[in-house]
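Hi everyone, thanks for coming. Have the sequence and the model open in front of you, and let's walk through them together.

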Amino acid sequence: PISQIFMLVHVMVTFALWYFTGSLLCFWDGIVWACRQWPKLLKSDTEEDQRRPKLLQSIIHGGPLGAGCSKVIELGTGYLLIWLSLNHHVGTKSNDTDPEHAFAYAYLGFLPMKYVNRWEVWAGVLALAGLVNGVLWLWSRMLKTRGAHAGVEEMVESSTGRSLSTMEHAGLLLYAFCNAVCEEGCSRGVWRFEFHRVGIGKQRWKSNIAQGIGFGVAHFYGIPSGVVGVILTFVYGCIMGLLQDMTGGSLAWPTLAHTVADYFIFAVLARHRTGVSSNTTTKKKRN
């Protein structure tokens, strides 16, 4: 009964938000929840699961992209709902005649990657990535934690206590890139664009703060985790939004910086064991 009441309240709130904002993204959470149930359609016995390819096992059980590859589903759902709103005039309460609409639309793209020939941009992004990695390292050492992302912990568990092979480095780098694409596309792309479109953040700094709040809260069970993790990822999300503004709106540079940070998390922080505990030992939760 409690779950049914919760579901009813969730549906009522969804339709209320849609009525007042006209944003199809109000249905985003429900669609994502339904789509991420696809692993339940597969046979779940242990023997059958062990016969599946390692990649498929990782997609089903978690990893950095979430159980059932939920982050990919989130990204695809977000872009689909935005496309429906823009091209089929669904959600008419937004002001599509706004002179900044074309600029906001550019915020959904990963290309073009501007300023590629500017060495100072490369130096700034790499310096930012180094600073972020340093803050993450201090957070992990001072709080003696590796975060609370069970999927990432499971992914790197077999490689702790030894050096990574070249293929393992490549695999973690690929995971880092995919995770960065999904998170940048959802937070700095879909949600920041929609905040601008429905009038919540017509000024760039307001839409940046709004997406940063959502990005931070979503990482309560992540790396970094907890209240401190929410604050750190909020600040990081806003910095990525500022980087997006400074490089013409494209998500390319934030995705590059995000990839470096995630690779450091997967290859170093999540695999470090000496004097550091994992919050997932007491509370298992996958993003």
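So here's a question to start: what percentage of the contacts in the protein with a separation of 6 or more comes from residues 24 or more positions apart? It's 77%, where contact means heavy atoms within 4.5 Å. Keep that in mind while we look around.

Two quick notes on what you're looking at. This is a predicted model, so local features need pLDDT of at least 70 and side-chain atom pairs count only at pLDDT 80 or more, while totals for chains, interfaces and linings use all residues. Residues are numbered from 1 along each chain as its sequence is written, and side-chain values use heavy atoms, with hydrogens and water left out.

Okay, the overall picture. The protein has 12 helices and 0 strands. Helices (H or I, at least four residues) and strands (E, at least two) are DSSP runs, numbered from the N terminus. There are 287 residues, and 46% of them count as buried. Buried is under 20% relative accessible area, exposed is over 50%, and partly exposed is in between, with a 1.4 Å probe and protein chains only. As for the outside, the protein exposes about 15200 Å², and 70% of that is supplied by carbon and sulfur atoms. Those areas come from the Shrake-Rupley method with a 1.4 Å probe, and for residues only the protein chains shown count as cover.

Let's go to the start of the chain. Leu-17 sits in helix H1, residues 2-21. Its relative accessible area is 44%, so we call Leu-17 partly exposed. If you ignore its neighbours within four places in sequence, Leu-17 touches Gly-22 and Cys-26. From Leu-17 to Phe-27 you go 10 residues along the sequence, and the C-alpha to C-alpha distance is 9.3 Å.

Now, salt bridges. Side chains of opposite charge can pair when their charged atoms come close. The rule here is a side-chain nitrogen of Lys or Arg within 4 Å of a carboxyl oxygen of Asp or Glu. By that rule we get 6 salt bridges.

Take Lys-71 and Glu-183, whose closest N and O atoms are 2.6 Å apart. Lys-71 is in helix H5 (residues 70-88) and Glu-183 is in helix H9 (residues 166-197), so this pair ties together parts that are 112 residues apart in sequence. Are these two buried or exposed? Lys-71 is buried, at 8% relative accessibility, and Glu-183 is buried with a relative accessible area of 8%.

Another one joins Asp-245 and Arg-192, with 3.0 Å between the closest N and O atoms. This pair also links distant parts of the chain, with Asp-245 in helix H11, Arg-192 in helix H9, and their positions 53 residues apart. Both Asp-245 and Arg-192 are buried.

Then there's Arg-162 with Glu-168, a salt bridge at 2.7 Å, N to O. Here Arg-162 is partly exposed at 39%, and Glu-168 is partly exposed at 26% relative accessibility.

On to how two helices pack. H11 (residues 226-246) and H12 (residues 252-267) meet at an angle of about 145°, with axes 8 Å apart. The axes are lines fitted to C-alpha atoms, for helices over the stretch in contact, and angles run from 0 to 180 degrees between N-to-C directions. On the H11 side, the contact includes Tyr-236 and Met-240, and on the H12 side, Trp-253 and Pro-254 are among the residues.

What about the surface? Trp-137, Leu-138, Met-142, Leu-143, Val-228 and Val-268 make a nonpolar patch of about 560 Å². Patches are made of residues with over 30% relative accessible area and no salt bridge; like charges are joined within 9 Å, nonpolar side chains (Val, Leu, Ile, Met, Phe, Trp, Tyr) within 5 Å. Helix H7, residues 119-143, gives the largest share, 4 residues. One of the patch residues, Leu-143, is partly exposed at 47% relative accessibility.

Last stop, the backbone. Ile-223 and Pro-224 are joined by a cis peptide bond, with omega about 0°, and Pro-224 is in the loop between helix H10 (204-217) and H11. Tyr-115 isn't a glycine, yet its phi is positive, near 65°. You'll find Tyr-115 in the loop between helix H6 (101-106) and H7. Lys-144, also not a glycine, has a positive phi of about 50°, and it's in the loop between H7 and helix H8 (150-156).

That's my tour, thanks for listening!
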